[in-house]
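Colleague: Thanks for sitting down with me over this one. Could you take me through the model, one question at a time?

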Amino acid sequence: MPRRSPEAGRRAALARGLLLCAVTDRRRIPGDPVGACGAALRGGATAVLLRDRDLLARERRALARRLRRATAEVGALLLVHGDARLAREVGADGVQVSAADAAGAGGAEAAVAAARRVLGGGRLVGLSTHSLAEARAAAAGGADHVLLGSVAPTASHPGVRPLGTGAWARAARELPIPVVAVGGITPALLRTVARGTPLRVAAVGGLAGAQDPERAAAALLAALAGGGGPRPSSKGGGGAAPPGGADERSLVAAFLTGAGRVPGLLLGPGDDAVVADAGGGAAVAACVDLVVEGVHFLPGTAARDVGFKAAARALSDLAAVGARPRWLLLGLALRRGTTRRFALDLERGAAAAARAAGARIAGGDTKETGGALTVAATALGTVKGRPALPRGGARPGDLLLATGPFGGSILGRHLRPRARVAEGLALRRRGWASACIDVSDGLAADLHRLCAASGCGALVDGAAVPVHPDALRVRDGRSPLERALRDGEDHELLFAAPPAAAAAAVRAGIGTVLGRVVPAAAGVSIMDTLGSVAPLAAGGWVHLRAR
C-alpha cells in the first residue's frame, strides 16, 4: 500500500472533525444564516456547509467570507458546496461535490481530481451520494468523506425515498472514510442507530434552520454520543450525554460514595488532586487528566500542542492544591498508523510543559486504538509544611480572587495553558488561601464547585472580573464578560482568602479581587455596574450531560 502523503494525512484528520455540520439554505433559515450558524456552533456544531448555489456570485462570496470568519473564530470547519474556486478564495477547509456534478465530470475519481487541482493541497473534497453504491464509489475515487442521504423523510424532498438508518450504519462501518448522514436528522432518529456506529450528521432544518440552533445542536450532540459516536465540541457550548445517561457531577459523586473513606488521605477525593500521607511529615499529591481528540482539541492539531495541553492540565490541578510538581506519567491511546515522529513530538510537548512546572516525565504506557487519540496525564507532586489547599475551606467574609484573566481561550491559548504552580505554592506556604480550585470548565462553573464544597454562596462583581484580551476578539454574539464567565480552559486559579490575606496576595501580584464569599442561603450571584444583583448560573462546560 502506498504511504499516505502529509497532505492526505491532514485531509483525513480534518474529515474526522465532521461530526455535526450545519448546512445553510436561505429558503429554510429565517433571518441571517451566519447568525443561525453561529448559534449552532455555540451549541457544539463542528462544521458549516455553505450550500445556497442559487445566490448571485457576489452574494455567495460575501456570505462565504462571513462564514469563514465565524467558523475560524471557534476552530470549526467550513465547506463550500460545488465551487472549489470560491472555497480556495475564501480559505475554506474544502469543497462538497454534488452527485450530479460528479456524474458530469465523468465519475467520482475524475470529480475528486478536478477539485483537488483547483483547491491545492491539504483541503477536503467530499462527495454527496444517494446510495451505498455511490458512497463506495466516492471512497474508491479518493474522496475524503461522503454525505449520504436522505436517510429519513424530509419536507423539502417529499418524493425522495429515504435510505433508512440501516444503510447509513452499514456505510459508516464499511467505508474507510467518514460518512456524514443528511436528511431528516433528529435526536430521536439518531437514538435508533446501532451502538458502535461512528455517527456524523449534517442538517439544515435540524440545526441552522431550527428555532433555537444552539439548543438544537446540543440536543443532536447528546443523541450522537448516545448512539456511540464521538463527542467533540468546544468549551462553552455544553456537553454531550454518554451512553447510559449520566451527568459528570452525579457520576463522580457515585464513584466517591462507592470508594468510601480512604485511609491515609489528607485531602480528597473530590478536590483537584488527592494528597496522601507519605510518612515522616511528607505528603504526596496525585491527579490524572484526560484529553480526547474532538473534545479537547480538533483533529489535525500539532502533536506538541496535544502533549503540552495534556501535561499542563494535570499540572494545573497540582497547582490548585499548592503542591510542587515532581513527576509526570503519560498514557497514550494512539490511532492505528500513527507515525513515530508524531508520538515523539507529543512526548516532547508534554516534556516542555513538565519542565516549565519543574517536573520530569518518569514513565507511562502506550496502546493502539481504533477511536480518537487520547492522552492521560498523571501528575505527582509533594506537599511539605502547611497543608494542601482544599476546595472546601471558604467561609462567608472571605474575598474571592483569581490569578489571571478569563475568556477567549478557543483562539489558541487553550493549547498552551500555563499551570500556576508558583502562585499555588505561595498561597499554601504563606497561608493566604482558605480554598482554591483550578478553573478549567469556566469561571462560573468552577465557582459553583468551590461554593458547593465549602457550603457557602458567592457574590461576584461583574466589573471586577478580569477579562482576557482574547475574549474581546471572539465574535460569537456574547459579551466579553459572558465569555470570561463561561468559556473555560483558562487554567487560572480561583481562590478564597480572608481580607488581610487577600490584600497581601494582591500586593504580591498573585491575585485580583473579583467578589466575596456569602452565606449559602444567598446563593451564587453577580452584580452589574449599576449595583443590580442577579443569580449567576453555573453554565460552562459539562463533560457528561444527563438525559
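Colleague: Which residues have the most contacts inside the largest nonpolar core?

Modeller: Happy to start there, with a predicted model in which local features need pLDDT of at least 70 and side-chain atom pairs count only at pLDDT 80 or more, while totals for chains, interfaces and linings use all residues. Residues are numbered from 1 along each chain as its sequence is written, and side-chain values use heavy atoms, with hydrogens and water left out. A nonpolar core is a set of buried Ala, Val, Leu, Ile, Met, Phe, Trp, Tyr and Cys residues joined through side-chain atoms within 4.5 Å, where buried means under 20% relative accessible area, exposed over 50% and partly exposed in between (1.4 Å probe, protein chains only). The largest such core has 67 residues, and those with the most contacts inside it are L20, L127, W168 and I185.

Colleague: Which helix gives this core its largest share?

Modeller: Helices here are DSSP runs of H or I with at least four residues, and strands are E runs of at least two, numbered from the N terminus. The largest share of the core is six residues, and their source is residues 108–119, helix α6.

Colleague: What distance should helix α3 span?

Modeller: Helix α3 covers residues 57–74, which makes 18 residues. The expected span is 1.5 Å times one less than the number of residues. The end C-alpha atoms of α3 agree with that, because their separation and the expected span are both 26 Å.

Colleague: Which elements do the buried residues of α3 pack against?

Modeller: The buried residues of α3 include L63, A64 and L67. An α-helix has 3.6 residues a turn, so residues three or four places apart point the same way. Going by contacts (heavy atoms within 4.5 Å), the buried residues of α3 pack against α2, β2, β3, α4 and α17.

Colleague: Which residue of α3 meets D32 in a salt bridge?

Modeller: A salt bridge is a side-chain nitrogen of Lys or Arg within 4 Å of a carboxyl oxygen of Asp or Glu. D32 lies in the loop between β1 and α2, and its partner is 34 residues apart from it. At 35% relative accessibility, D32 counts as partly exposed. Its partner across 2.8 Å, N to O, is R66.

Colleague: Is D487, the salt-bridge partner of R478, buried or exposed?

Modeller: D487 is found in the loop between α18 and β18. The closest N and O atoms of R478 and D487 are 2.7 Å apart, and R478 is partly exposed at 23%. D487 has a relative accessibility of 5%, so it counts as buried.
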